[in-house]
Each structure stands twice: as C-alpha cells, then as structure tokens.
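Good morning, and thank you for making time for this presentation. I shall go through one structure, beginning with the overall fold and ending with the backbone geometry.

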Amino acid sequence: MRQTSVSLALSFLAFIMTVIWGNPLINLLKYLKVGKIIREEGPDRHIEKLGTPTMGGFMIIAPVLLLTVLLNAATLLGFDILGQSVLIPLLVLVAFGLLGAIDDWEGIRDHRRGLGMRARTKFLIQLGLGLATAFALKYIVEVPEMYWPGYSEPLNLGGWYIPIATFIIVGFSNAVNFTDGLDGLAGLISATAFAAYGGIALMQEQVFLGRFCFTIVGALFGFLWFNVHPAELFMGDTGSLAIGAVLATFALMTGQWLVLPIIAIIPVSETLSVILQVAYFKLTDGKRLFKMAPLHHHFELLGWSETQVVQRFWLVSLIASLLGIALILVE
C-alpha cells in the first residue's frame with residue numbers, strides 16, 4: 001500500500017509541475033514561432049490546427065527529468081524514493097526526445113520545412129539508440145528477458161534478446177509517433193499504457209520502476225491539460241518518439257513485453273494500418289485499403305468527430321490494458 005501511495009504522490013507532483021510550467025512554455029514556443037505545419041493530404045478540418053505550437057514533448061520531459069534527478073539526489077540525505085534503476089529509461093526519454101526535437105525543428109524552421117529529418121537518417125539514429133539501450137538492459141541492468149504468462153520464472157533468450165529488444169524500442173518509438181495525430185490521442189493512450197506497466201512493476205516489486213512510470217503518467221496528464229481538444233500545443237516528435245521508446249523500455253525492464261502489443265493496441269494498430277496501406281497501394285497500383293492512414297484519419301473520414309475517435313480509441317486502450325494485466329496474472 002505504501003508503494004502505491006508514494007507512486008500516486010509522485011504522479012500528482014509531476015502533474016502539478018507540468019501544469020505550472022505549461023503556459024510559459026506555450027508562450028515561448030509562440031514567440032519562437034514553433035508552429036505546426038499541416039499535411040496538405042490530411043483531413044480538411046485539420047487546417048484550423050495550422051500554427052499551433054509543437055515540440056510540446058518538452059512539457060513532459062522537463063518535469064520528469066527534474067523530479068527524477070532531485071529525488072535521486074535525495075538518496076544522499078537518506079530518502080529512498082527513486083533508485084538508479086530508473087536512469088536507463090530516463091536516458092532513453094532524453095535521448096529520443098532530443099532526436100525528436102531535431103526532427104521537429106528541421107520540419108519547422110530549417111531548409112526541410114514541412115518534411116523534417118530525412119527518414120533514413122532518423123531511422124539509423126533510432127536504431128543506434130535502440131541497440132545501446134538493449135545492450136544496457138541485458139548486460140548492465142540484467143533485466144528479466146521474457147516472462148511467459150502462467151510461468152513465474154523468466155526465460156533466457158540468449159543472443160536473440162538484443163535484436164528483439166532493439167526492434168521493440170524502435171518500433172514503439174515510431175508507433176506512438178503515428179498515433180500522435182489528434183488532440184489528446186497519443187497522450188491518453190500513452191498515459192493508460194504507462195499506468196498499466198507502473199502497476200505491473202509494483203506487483204513485481206520493481207518499486208523504483210513503478211514509481212517512475214507513475215511520474216510519467218502525471219506529466220502526461222499535465223500535458224493533456226493543454227493538449228485536449230482544441231489543443232493549445234502538440235507534443236510533436238519531441239514527445240512521441242521519446243514516449244514510445246521509454247514505454248518499450250519499461251516493458252522490457254519488467255520482462256512482460258509479450259503483452260505490450262495488447263496494452264498498446266492502438267499504437268500497434270496505427271502502425272499496422274500504415275504498413276498495410278503502403279503495401280496494398282503498391283500491390284494494387286494505387287488502390288487504398290483505408291480511406292487514409294494512420295487509422296485515426298480513416299475513422300475521421302468515415303464521419304467520426306475528432307473527440308469521438310479519441311474517446312473511443314481510449315476506451316479500447318483501457319480495456320486492452322486490463323486484458324494485458326489479466327494475462328500476466330494468469331497462474
């Protein structure tokens with residue numbers, strides 16, 4: 001009970017810190033003219049979002065970074081609140097956040113305005129960061145490599161662990177990026193997934209990891225204060241790449257990554273919709289499987305309002321998260 005109370009307290013503190021510095025960040029982004037550029041082929045209703053400040057991922061990363069550093073420093077005074085086990089996911093959050101920030105900046109102000117970083121360059125950097133994280137998880141932290149539902153002992157994947165872990169980190173970094181297309185969508189979906197893995201970590205007595213998860217949940221809720229429809233800012237790649245990568249890292253650190261596609265069913269579905277759309281387009285010489293990809297745009301074009309898509313996707317995500325936790329508890 002104490003662990004849950006501390007975790008919820010950290011979540012509340014992160015929420016307050018994020019909300020407090022939200023307006024100053026929005027004003028700064030407006031001053032720097034860091035505004036969203038809308039794709040011409042996107043739904044017409046998105047034109048009204050043109051110019052809304054982006055790079056809002058800093059609103060999430062900064063409070064989490066500050067709070068985590070301060071609480072780790074507090075261990076010198078005898079307060080055992082967060083431990084060194086959270087340093088790897090913290091570094092992942094910062095590293096992928098910086099990559100996303102560069103991508104956002106190039107897409108807004110640089111010579112590649114509207115395009116962002118070259119896809120190959122971006123992917124290679126993601127791959128390098130993913131590999132480094134996978135090696136750190138296996139050889140430095142020595143995390144449980146994989147739990148199979150119904151079995152209490154982790155399975156050893158040997159040499160397969162590194163490529164699998166790298167694929168998961170890079171894949172989910174991009175999956176949340178695909179999900180970030182509607183006001184509040186990526187934030188709500190991610191907060192739900194982090195809460196699920198925070199609960200899993202606490203159940204497995206990975207106390208510090210669970211607390212860090214709920215710290216991010218609080219920061220995401222603080223971000224949603226400004227990101228719900230009509231959004232005052234967007235997280236951009238600064239937030240989406242970082243959130244996706246660190247969610248995958250949490251799943252790997254708990255060893256319960258087999259249920260990640262269930263808990264994060266919406267990002268997985270968004271990614272599959274893009275892959276299927278491209279493949280079908282090429283195989284059929286220009287025909288489309290969906291009205292538009294990623295998947296949330298397909299439902300918009302079917303007539304769902306933006307808030308309907310977000311709320312219904314979130315409900316699916318919530319039920320899927322409960323299902324994922326239930327599978328873990330199977331004995």
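Just after helix α6, E205 takes a positive phi of about 65 degrees. I shall return to backbone angles of this kind at the end. Please bear in mind throughout that this is a predicted model.

Let me turn to the overall composition. The secondary structure of the protein chain consists of 12 helices and zero strands. Of the 331 residues in the chain, 52% count as buried. If one takes the contacts between residues at least 6 apart in sequence, 75% of them join residues at least 24 apart. The accessible surface amounts to about 15600 Å², and carbon and sulfur atoms account for 67% of that area.

I now come to two individual helices. Helix α6, residues 185-203, is the one that precedes E205. This helix has 19 residues, and the distance from its first C-alpha to its last is 28 Å, close to the 27 Å expected at 1.5 Å a residue. How many of the residues of α6 are buried? The count is 15 of the 19, so the helix is largely enclosed by the rest of the structure.

Helix α12 covers residues 306-328. Its 23 residues should span 33 Å at 1.5 Å a residue, and the end C-alpha atoms are indeed 33 Å apart, which agrees. Buried residues in α12 are E306, V309, V310, F313, S317, A320, S321, G324 and I328. Which elements cover them? The cover includes α6, together with α9 (260-263), α10 (265-283) and α11 (295-301).

One residue of the first helix also deserves a remark. S7 lies in helix α1, residues 2-31. With a relative accessibility of 1%, S7 counts as buried. Leaving aside residues up to four places away in sequence, S7 touches L202, G210, R211 and F214.

Next, the surface. A nonpolar patch of about 750 Å² is formed by F123, L124, L127, L131, F135, Y139, I140 and V141. F123 belongs to helix α4, residues 119-141, and is partly exposed, with a relative accessible area of 41%.

This brings me to the aromatic residues. A pair of aromatic rings is described by the distance of the centres and the angle of the planes. The structure holds six aromatic pairs. For F135 and Y139, the ring centres are 5.9 Å apart and the planes stand at 25 degrees, so this pair is stacked. Both residues lie in helix α4, four residues apart, about one turn of the helix. Is F135 buried, partly exposed or exposed? At 42% relative accessibility, F135 counts as partly exposed, whereas Y139 is exposed, with a relative accessible area of 51%.

The rings of F299 and W304 have a centre distance of 4.5 Å and a plane angle of 35 degrees, so that pair is tilted. W304 is partly exposed, at 24% relative accessibility. In addition, F194, F212 and F250 form one aromatic cluster.

Finally, the backbone. Most residues other than glycine have a negative phi, and most peptide bonds are trans. Where do we find cis peptide bonds in this model? One runs from H229 to P230, with omega near -5 degrees. P230 is located in the loop between α7 (207-227) and α8 (236-254). Another joins A293 and P294, with omega about 5 degrees, and P294 lies in the loop between α10 and α11.

As for positive phi angles, two further residues may be set beside E205. M55, although not a glycine, has a positive phi of about 65 degrees. Its place is in the loop between α1 and α2 (57-73), and M55 is buried, with a relative accessible area of 7%. E142, likewise not a glycine, has a positive phi of about 55 degrees. E142 is found in the loop between α4 and α5 (161-179). With a relative accessible area of 60%, E142 is exposed.

That concludes the presentation. I should be glad to take questions.

Note on methods:
Residues are numbered from 1 along each chain as its sequence is written. This is a predicted model: local features need pLDDT of at least 70, side-chain atom pairs count only at pLDDT 80 or more; totals for chains, interfaces and linings use all residues. Side-chain values use heavy atoms; hydrogens and water are left out. Helices (H or I, at least four residues) and strands (E, at least two) are DSSP runs, numbered from the N terminus. The expected span of a helix is 1.5 Å times one less than its number of residues. Buried means under 20% relative accessible area, exposed over 50%, partly exposed in between (1.4 Å probe, protein chains only). Contact means heavy atoms within 4.5 Å. Patches are made of residues with over 30% relative accessible area and no salt bridge: like charges are joined within 9 Å, nonpolar side chains (Val, Leu, Ile, Met, Phe, Trp, Tyr) within 5 Å. Accessible areas come from the Shrake-Rupley method with a 1.4 Å probe; for residues, only the protein chains shown count as cover. A salt bridge is a side-chain nitrogen of Lys or Arg within 4 Å of a carboxyl oxygen of Asp or Glu. Rings of Phe, Tyr and Trp (its six-membered ring) pair if their centres lie within 6.5 Å; planes under 30 degrees apart count as stacked, over 60 as edge-to-face and the rest as tilted.
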